[in-house]
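Okay, thanks for coming, everyone. I'll put the structure up, and then we'll go through the cysteines and the ligand site.

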Amino acid sequence: MTEYFHYQQDQLYAEKVALSEIAQRFGTPCYVYSRAALTDSYRQFAEALKSRDHLICYAVKANSNLAILNLFARLGAGFDIVSGGELQRVLAAGGAASKVVFSGVGKSEAEMRQALEAEILCFNVESAPELDRLNALAGSMGKVAPVSLRVNPDVDAKTHPYISTGLKQNKFGVAYTEALELYRKAAAMPNLRVTGMDCHIGSQLTETSPFIAAAEKVLALVDKLAAAGITLEHLDLGGGLGIRYDDETPPSIAEYGKALLAVLQGRSEKLIVEPGRVLVGNAGVLLTRIEYLKHGEEKNFAIVDAAMNDLMRPALYDAWHAILPVQRRQNAPLSNSLPQAGERTSEKSNSQIYEVVGPICETGDFIGHAREMAVDKGDALAVMSAGAYGMSMSSNYNTRPRAAEVMVDGAVVHLVRERETVRQLYASEKIVA
Ligand SMILES: *Cc1c(COP(=O)(O)O)cnc(C)c1O
């Protein structure tokens with residue numbers, strides 16, 4: 001990541017462009033993505049899995065900007081979608097329906113119809129009633145739906161409870177103990193074609209072992225199925241590989257890929273993976289500007305123009321993002337790198353401890369707690385590692401137009417989403433006479 005977002009003479013750069021220029025030109029808050037970083041993470045994945053037949057289905061919900069989808073499509077990616085809206089985005093961005101897998105516990109009839117019409121690669125089915133609905137609908141359209149069952153392996157992903165999905169008590173997938181029976185049922189349905197098995201145990205995993213435990217359980221079930229006469233074409237092991245926000249030490253993409261390939265050794269099924277965060281998380285930052293420095297009785301506040309509507313992760317998961325000055329002030333060390341583990345501050349003097357908060361009327365509206373920074377009013381800050389679940393989770397709370405998004409490519413900056421206008425926000429509302 002440091003190659004793509006780095007300091008040069010105290011100026012923070014995205015590739016060859018100073019972020020201060022971007023803040024100036026496009027205003028704040030503004031998401032900034034590095035095309036080289038996006039490309040690099042995708043290529044690392046492809047490299048790690050190249051020794052076997054595989055498909056990388058980028059999880060669209062991590063960041064669904066068309067420019068990002070288009071970039072991944074051109075690199076060869078498929079897509080993991082969780083709504084009809086995401087399917088429409090993928091197609092609009094030039095993605096191939098034949099490389100789309102459709103996950104999610106609540107697929108509506110309209111969404112299923114849309115996906116059947118587009119002829120997607122696979123429906124990742126999460127319940128018995130979903131099988132019934134899909135079979136009936138496909139029949140009525142004269143189609144046969146390719147299906148995979150999302151099996152819940154009951155593995156602890158050891159991540160935040162809100163993003164852990166592979167435990168018995170979670171709403172996702174079908175119970176491991178019921179999967180065999182359900183596969184039999186699916187195989188007997190005339191308008192379904194059983195093609196695979198999938199699992200996804202959670203997000204921001206920082207260890208390899210839960211992935212391996214889940215894969216082993218899935219494989220044991222695949223073998224049972226084969227013994228029962230149901231053979232599968234693909235295994236979809238989901239997404240969930242974590243990134244470094246602070247001092248986490250997730251396995252590298254290469255290590256993760258190596259571990260997966262080791263478990264799959266000697267098997268002929270095609271491997272599908274659904275990475276989201278790890279492809280985009282550290283390829284984006286959120287630029288914001290300090291509106292006020294407010295010295296309260298107990299705490300100092302840096303009130304910035306980005307808020308929980310722009311980046312929800314701190315409020316939702318108490319997530320930690322590095323917050324760096326776009327232009328370092330005096331006495332900052334001349335290090336060319338981002339802070340290392342355990343070194344959250346780089347400014348030693350003139351610095352104070354701030355609560356970095358947004359303008360929204362909620363106490364939960366914070367970007368970072370207790371950050372030591374040497375800053376002044378009007379300074380631009382970069383909220384790091386904001387490429388995943390940033391813009392895609394944003395809202396218009398407090399009638400705040402959504403941020404602009406730009407993609408840096410070397411020395412060139414492309415506006416990939418215009419800042420919303422307030423008029424757009426209420427354009428479809430009606431006053432009652
Ligand atoms: C969210 C999600 C992913 C991607 O998860 P990341 O942690 O972003 O890699 C993959 N598959 C499914 C089914 C998901 O819901």
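Let's start with a quick one: is Cys-30 buried or exposed? Cys-30 is buried, with a relative accessible area of 0%. Before we go on, please keep in mind that this is a predicted model.

Staying with cysteines, the disulfide count comes to zero. Take Cys-199, which is in no disulfide. The nearest cysteine sulfur belongs to Cys-122, and that's 13 Å away, whereas a disulfide would need the two sulfurs within 2.5 Å. And Cys-199 counts as buried too, because its relative accessibility is 2%, with the cut-off for buried at under 20%.

Now for the ligand. Where does it sit? You'll find the ligand in the largest pocket. There are 14 residues around it, and the ones that come nearest are Lys-61, Ser-203, Glu-274, Arg-277 and Tyr-389. If you sort that shell by type, you get three nonpolar residues, six polar and five charged.

What about individual polar contacts? On the side-chain end, Asp-80 has an N or O atom 3.1 Å from a nitrogen of the ligand. His-200 also offers a side-chain N or O atom, at 3.5 Å from a ligand nitrogen. Gly-240 uses its backbone instead: a polar atom there is 2.8 Å from an oxygen of the ligand.

And how much of the ligand does the protein cover? On its own, the ligand has 390 Å² of accessible area, and the protein covers 94% of that.

That's my bit, over to you.

Conventions
Residues are numbered from 1 along each chain as its sequence is written. This is a predicted model: local features need pLDDT of at least 70, side-chain atom pairs count only at pLDDT 80 or more; totals for chains, interfaces and linings use all residues. Side-chain values use heavy atoms; hydrogens and water are left out. A residue is near a molecule or strand if one of its heavy atoms lies within 4 Å of it. A polar contact is a pair of N or O atoms within 3.5 Å; within protein, one must be able to donate a hydrogen and the other to accept it, and residues adjacent in sequence count only if both atoms are side-chain atoms. Accessible areas come from the Shrake-Rupley method with a 1.4 Å probe; for residues, only the protein chains shown count as cover. On a 1 Å grid over the protein atoms alone, a cavity is a set of points where a 1.4 Å probe fits but cannot get out, and a pocket is an open set with protein on both sides within 12 Å along at least five of seven lines; lining residues have an atom within 4 Å of a point. A molecule sits in a cavity or pocket if more than half of its atoms lie within 2 Å of its grid points. Ala, Val, Leu, Ile, Met, Phe, Trp, Tyr, Cys and Pro count as nonpolar, Asp, Glu, Lys and Arg as charged, and the others, Gly among them, as polar. Buried means under 20% relative accessible area, exposed over 50%, partly exposed in between (1.4 Å probe, protein chains only).
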